[in-house]
Amino acid sequence: MQTTEVGQNSEIKQVIGSLCMMNNRFMNFMLDDNKKAAQVFLRVILGDDKIKVRNVRIQSFIQNIYGHSSQLDILAQDSKGRYFNVEVQRSDEGAPARRARFYSSILDTHFLQPGKLYEELPDTYVIFITENDVLHDNLPLYNIRRRIDENAKCFEDGSRIIYVNSQRRDNTALGKLMQDLYCTEPKNLHYHEFAERMEFLKYSKEGEEKMTDVIEEYAARKAEALAKEAVKEAAKEAAKKAEEKEQANRIELAQGLLADGMSIEFTVRHSKLTEAEVRELASKLSA
């Protein structure tokens, strides 16, 4: 029993040690109520070192009584009252343009309270950090705003969507931030605002306990993978048994045909056995 527990603990430590901020659950723990770290993110991505984060929350559930509700990975607000929704997307399918549009609209619906004027609607930023360059122009950053087609001027409605291409990991401030997203060791991080938090989460008992959800998620994925493997093996075994039964039926049919005096060619054609298999059966019957 002790050996099993030691093995499990070692495996858990390996899992925690391999985590980086491109794992959205680990990113959540890194930024949960961590205003300094969230501030670094927003300042670098938006190129504005005056942003001051007032609060930051993770896994914010926004109820939409008229349609699809959403759970936002990270929701931060700055001193100017602007809201920033940050989503980490490792799958290209998780970052379609219409999802960004929906998240932007649901923020508007949530933050404009009854009786308030439209002018009181806060500025909102939906930021998708994607593992791949989902917009395919090899840009490190895509700032998306509405504009007027006839004069190309921006239509300032206070909403912005930003796609960050994490593949662009150069030596710019943004590139270094992207490098940090894939970093698994606190000592190798460029931005010290992340290092202390990662050190706590990865190398303290309290941090490990805090990440119970991540560990349980890993365990669930592992159990699912084992279950799929078991199903696959069971399917292989069933297919093997079915083939064996089918072959036995073919042999039985061939033996009957040969016993009734049918030719080798006729028996091959109707039993679906190979000529060599039929001739072997025929030699046994005549022995």
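**Figure 1. D157, in a loop of this predicted model, is partly exposed at 33% relative accessibility and pairs with R146.** Partly exposed covers the range between buried, under 20% relative accessible area, and exposed, over 50% (1.4 Å probe, protein chains only). This is a predicted model, in which local features need pLDDT of at least 70 and side-chain atom pairs count only at pLDDT 80 or more, while totals for chains, interfaces and linings use all residues. Residues are numbered from 1 along each chain as its sequence is written, and side-chain values use heavy atoms, with hydrogens and water left out. The side chains of D157 and R146 form a salt bridge with an N to O distance of 2.3 Å; the term requires a side-chain nitrogen of Lys or Arg within 4 Å of a carboxyl oxygen of Asp or Glu. Both D157 and R146 lie in the loop between β5 and β6, so their pairing ties together parts that are 11 residues apart in sequence. R146 is also partly exposed, at 48% relative accessibility.

**Figure 2. A salt bridge joins R145 and E156 in the loop between β5 and β6.** The N to O distance between these two side chains is 2.7 Å. R145 and E156 both belong to the loop that runs between β5 (141–144) and β6 (159–165), so this pair links parts 11 residues apart in sequence. Strands are DSSP runs of E with at least two residues and helices are runs of H or I with at least four, numbered from the N terminus. With a relative accessible area of 58%, E156 is exposed, whereas R145, at 37%, is partly exposed.

**Figure 3. R279 and E275 form a salt bridge within helix α10.** The closest N and O atoms of R279 and E275 are 2.9 Å apart. The two residues are four places apart in helix α10 (residues 275–286), about one turn of the helix. R279 is partly exposed, with a relative accessible area of 43%, and E275 is partly exposed with a value of 43%. Elsewhere, E243, E246 and R250 are linked in a network of salt bridges. The structure holds 11 salt bridges.

**Figure 4. Helix α9 packs against helix α10.** The axes of α9 (residues 264–271) and α10 are 9 Å apart, and the packing angle is about 120°; axes are lines fitted to C-alpha atoms, for helices over the stretch in contact, and angles run from 0 to 180 degrees between N-to-C directions. I264, T267, V268 and S271 of α9 and E275, V278, R279 and A282 of α10 make the contact (heavy atoms within 4.5 Å). By class, the residues of this contact are four nonpolar, two polar and two charged. Nonpolar stands for Ala, Val, Leu, Ile, Met, Phe, Trp, Tyr, Cys and Pro, charged for Asp, Glu, Lys and Arg, and polar for the others, Gly among them. E275 and R279 also form the salt bridge of Figure 3.

**Figure 5. Helices α3 and α5 cross at roughly 140°.** The axes of α3 (residues 35–46) and α5 (residues 173–181) come within 9 Å. Residues F41, V44 and I45 of α3 and A173, L174, L177 and L181 of α5 make the contact. The contact of α3 with α5 has seven nonpolar residues, no polar and no charged ones.

**Figure 6. Helices α2 and α3 cross at roughly 115°.** Here the axes of α2 (residues 24–31) and α3 come within 7 Å. On the α2 side are M27, M30 and L31, which meet A37, A38 and F41 in α3. The contact of α2 with α3 divides into six nonpolar, no polar and no charged residues. F41 of α3 is also one of the residues in the contact of Figure 5.

**Figure 7. D108 sits in helix α4 and is in contact with L121 and T124.** Helix α4 spans residues 97–111. The contacts with L121 and T124 leave aside neighbours of D108 within four places in sequence. The C-alpha atoms of D108 and D123 are separated by 8.8 Å, with the two residues 15 apart along the chain. D108 has a relative accessible area of 24% and is partly exposed.

**Figure 8. The protein chain has 10 helices and six strands.** Of its 287 residues, 37% count as buried. Among contacts between residues at least 6 apart in sequence, 53% join residues at least 24 apart.
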